[in-house]
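Please look over the sequence and the structure shown here before reading on. The briefing that follows begins with a question and then takes up the model topic by topic.

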Amino acid sequence: MFLTIPTYRMNSNLPNTRARMPNTDLVPERTKSWEAGANLMLFKSKLKLDATVYSSSNL
């Protein structure tokens with residue numbers, strides 16, 4: 001088991017160590033995304049169309 005942030009609790013003013021090691025291979029998750037949309041009104045606003053397209057990927 002790994003810790004993301006190695007912290008220690010204080011017991012009687014002494015640090016209480018843990019048996020787990022921090023994971024040094026962790027990296028931030030990066031996300032790329034885009035979105036496009038359109039709103040259409042036809043026939044004197046009697047027909048309304050809303051459309052959205054999006055894409056998202058994690059690196």
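Which residue in β6 does G37 stand opposite? In this predicted model, G37 stands opposite T52 in β6. The chain has six strands and zero helices, and the notes below turn first to the whole chain and then to the strands β5 and β6.

**The chain as a whole**

- Read from the N terminus, the order of the elements is β-β-β-β-β-β, which fits a secondary structure that comes to six strands and zero helices.
- The chain holds 59 residues, and buried residues make up 2% of them; a residue is counted as buried when its relative accessible area is under 20%.
- About 6,200 Å² of the chain is exposed, and 55% of that area is supplied by carbon and sulfur atoms.
- Among the contacts in the chain with a separation of 6 or more, 19% are accounted for by residues that are 24 or more positions apart.

**The pairing of β5 and β6**

- Strand β5 covers residues 31-42 and strand β6 covers residues 47-58, and the two run antiparallel, joined by 12 bridges.
- Two of the facing positions can be named: S33 stands opposite S56 in β6, and G37 stands opposite T52 in β6.
- Strand β5 is hardly covered, since the count of buried residues among its 12 residues is zero.
- Strand β6 lies largely in the open because, of its 12 residues, the number buried is zero.
- K48 lies in strand β6 and is exposed, with a relative accessible area of 58%; leaving aside residues up to four places away in sequence, K48 touches L40 and M41.

**The loop between the two strands**

- The hairpin of β5 and β6 has four residues between the strands, and both F43 and K44 are found in this loop.
- F43 has a positive phi of about 55° although F43 is not a glycine, and K44 likewise has a positive phi of about 55° without being a glycine.
- These angles deserve attention because most residues other than glycine have a negative phi.
- F43 counts as exposed because its relative accessibility is 63%, and a residue is called exposed when its value is over 50%.
- K44 also counts as exposed, because its relative accessibility is 81%.

**A nonpolar patch on the surface**

- L40, L42, F43, L47 and L49 make a nonpolar surface patch of about 500 Å².
- Both strands take part in the nonpolar patch, as β5 and β6 each supply at least two of its residues.
- F43, which is one of the residues of this patch, has its place in the loop between β5 and β6.
- L40, which also belongs to the patch, is one of the residues that K48 touches.

**Two positions distant in sequence**

- Where in the chain is E29 found? E29 is in the loop between β4, which covers residues 21-22, and β5.
- E29 counts as exposed because its relative accessibility is 63%.
- E29 and N58 are 29 residues apart along the chain, while their C-alpha atoms are separated by 7.0 Å.

Terms used. Residues are numbered from 1 along each chain as its sequence is written. This is a predicted model: local features need pLDDT of at least 70, side-chain atom pairs count only at pLDDT 80 or more; totals for chains, interfaces and linings use all residues. Side-chain values use heavy atoms; hydrogens and water are left out. Buried means under 20% relative accessible area, exposed over 50%, partly exposed in between (1.4 Å probe, protein chains only). Two strands pair if DSSP finds at least two bridges between them. Contact means heavy atoms within 4.5 Å. Accessible areas come from the Shrake-Rupley method with a 1.4 Å probe; for residues, only the protein chains shown count as cover. Patches are made of residues with over 30% relative accessible area and no salt bridge: like charges are joined within 9 Å, nonpolar side chains (Val, Leu, Ile, Met, Phe, Trp, Tyr) within 5 Å. A salt bridge is a side-chain nitrogen of Lys or Arg within 4 Å of a carboxyl oxygen of Asp or Glu.
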